Amino acid sequence: MASFRIENITKAFGKFTALNQVSTELDEDLISAIIGPNGAGKTTLVNVCTGMFPPDSGGLFFDSRNVTKQPSHKRVQLGIARTFQIVNIFPELTVRENIRVPLLYARHKTEVEEAADALLDTYGLARFRDTRAVNISHGDQKLLEMAMAIAVAPKVLFLDEPTAGVGMEEKEKIIETVQRFKGKNMITAIIEHDMETVFRIADRIIVMNEGEVIAQGSPEEIKSNAFVRKIYLKEEV
Ligand SMILES: Nc1ncnc2c1ncn2[C@@H]1O[C@H](COP(=O)(O)OP(=O)(O)OP(=O)(O)O)[C@@H](O)[C@H]1O
Ligand SMILES: [Mg+2]
């Protein structure tokens with residue numbers, strides 16, 4: 001079973017420690033949710049895991065391979081992909097042209113057009129194929145970004161708040177899409193603030209606060225965690 005192991009990762013920005021000795025493991029075929037208040041270090045952890053910047057110390061291991069010092073393009077080649085908290089697409093290109101970008105990189109050129117149409121269908125984006133990405137809804141942009149990440153057939157996928165700021169209907173589509181990643185030999189990690197969604201889709205939950213992992217375990221275990229109940233479920237504990 002493949003896994004992505006995060007071992008004692010520390011990352012500071014100047015004097016501020018954004019990640020402090022973070023350790024966890026993300027397993028294949030499970031959806032791991034990373035939760036925690038604003039500024040907890042969730043996005044920073046994904047940035048470090050995907051090679052946006054190196055950690056100050058600690059190690060990252062994908063399938064026993066040490067990727068700690070691999071540049072981000074190498075990690076993409078190994079199958080480590082992500083989406084961004086702030087939508088990261090090509091706004092002036094059409095939806096279909098956006099999808100073609102990762103496909104041109106990942107597939108043989110004879111497969112690109114067919115694969116692009118298949119992805120547009122799967123993500124319910126076919127009707128926007130010739131629309132410039134800037135002109136579709138925020139939720140559809142989030143779906144487009146997910147389709148672009150999936151286009152490279154990743155083995156590890158980090159989703160940074162894929163449902164943030166999207167409408168109810170699109171949110172449902174996004175959740176269903178994430179659920180479909182299960183059983184596809186993928187390692188999926190999702191940063192999500194909405195606890196209802198978290199408890200619905202996560203097999204494992206990692207709770208962060210002030211740069212540290214303060215709890216991790218099954219949804220049942222995390223539901224009874226005092227910090228989670230206080231911060232998220234607004235209970236007096
Ligand atoms: N490149 C950077 N330079 C300086 N400080 C940074 C940088 N990136 C993140 N930080 C700081 O590190 C802390 C953690 O930020 P991060 O974006 O990882 O939080 P988060 O858990 O994703 O929060 P949110 O839920 O608001 O997205 C914050 O205080 C942030 O200001
Ligand atoms: Mg964030």
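Angles between elements are taken between N-to-C directions and run from 0 to 180 degrees, with axes fitted to C-alpha atoms. The exercises below apply this to a predicted model.

**Exercise 1.** Determine which strands α5 lies across, and how the direction of α5 is related to that of β6.

*Solution.* Step one is to identify the strands, and these are β6 and β7. Step two is to read the angle, since α5 runs at about 175° to β6. Step three is to apply the cut-off, by which angles over 145 degrees count as roughly antiparallel.

**Exercise 2.** Work out the strand order of the six-stranded sheet, and state which strands stand at its edges.

*Solution.* The sheet is open, its pairing is mixed, and its order is β6-β7-β8-β3-β9-β10. The edge strands are β6 (80–83) and β10 (212–217), each of which has a single partner strand, so one side of each is left without a neighbour in the sheet. From one strand to the next, the twist averages 20°. Within this sheet, β7 (residues 156–160) and β8 (residues 187–191) run parallel and are joined by five bridges, and L159 has I190 in β8 opposite. Helix α1 packs on the sheet, where it touches β3 (31–35), β6, β7, β8 and β9 (204–209), and its direction makes about 150° with that of β7.

**Exercise 3.** Describe the sheet of four strands and the placement of α1 on it.

*Solution.* This open sheet has the order β2-β1-β4-β5, with antiparallel pairing. Because β2 (16–27) and β5 (65–66) each have a single partner strand, they stand at the edges with one side left without a neighbour in the sheet. Eight bridges hold the antiparallel pair of β1 (residues 3–13) and β2, in which A12 stands opposite T17 in β2. Helix α1 lies across β1, β2 and β4 (57–62), and runs at about 65° to β2.

**Exercise 4.** Characterise the packing of α3 against α5.

*Solution.* The axes of α3 (residues 95–106) and α5 (residues 138–150) are 8 Å apart and enclose an angle of about 25°; the two helices are therefore roughly parallel to each other. The crossing of α3 past α5 is right-handed. On the α3 side, V95, N98, I99, V101 and P102 meet L144, A147 and M148 of α5, and the contact residues divide into seven nonpolar, one polar and no charged.

**Exercise 5.** Find which helix supplies the largest share of the shell around ligand 1, and classify the shell residues.

*Solution.* The residues around ligand 1 include F13, A18, N38, K42, T43, T44 and Q85. The largest share, three residues, comes from α1 (residues 42–49). By class, the shell has three nonpolar, seven polar and one charged residues.

Terms used. Residues numbered from 1 in each chain as written. Chains lettered and ligands numbered in written order. Predicted model: local features only at pLDDT ≥ 70, side-chain atom pairs only at ≥ 80, totals over all residues. Parallel < 35°, antiparallel > 145°, perpendicular 65-115°, else oblique. Left-handed = near helix turned anticlockwise from the far one by under 90°. Contact = placed C-beta atoms within 7 Å. Nonpolar A, V, L, I, M, F, W, Y, C, P; charged D, E, K, R; others polar. Near = placed C-beta within 6 Å. Pairing = 2+ DSSP bridges.
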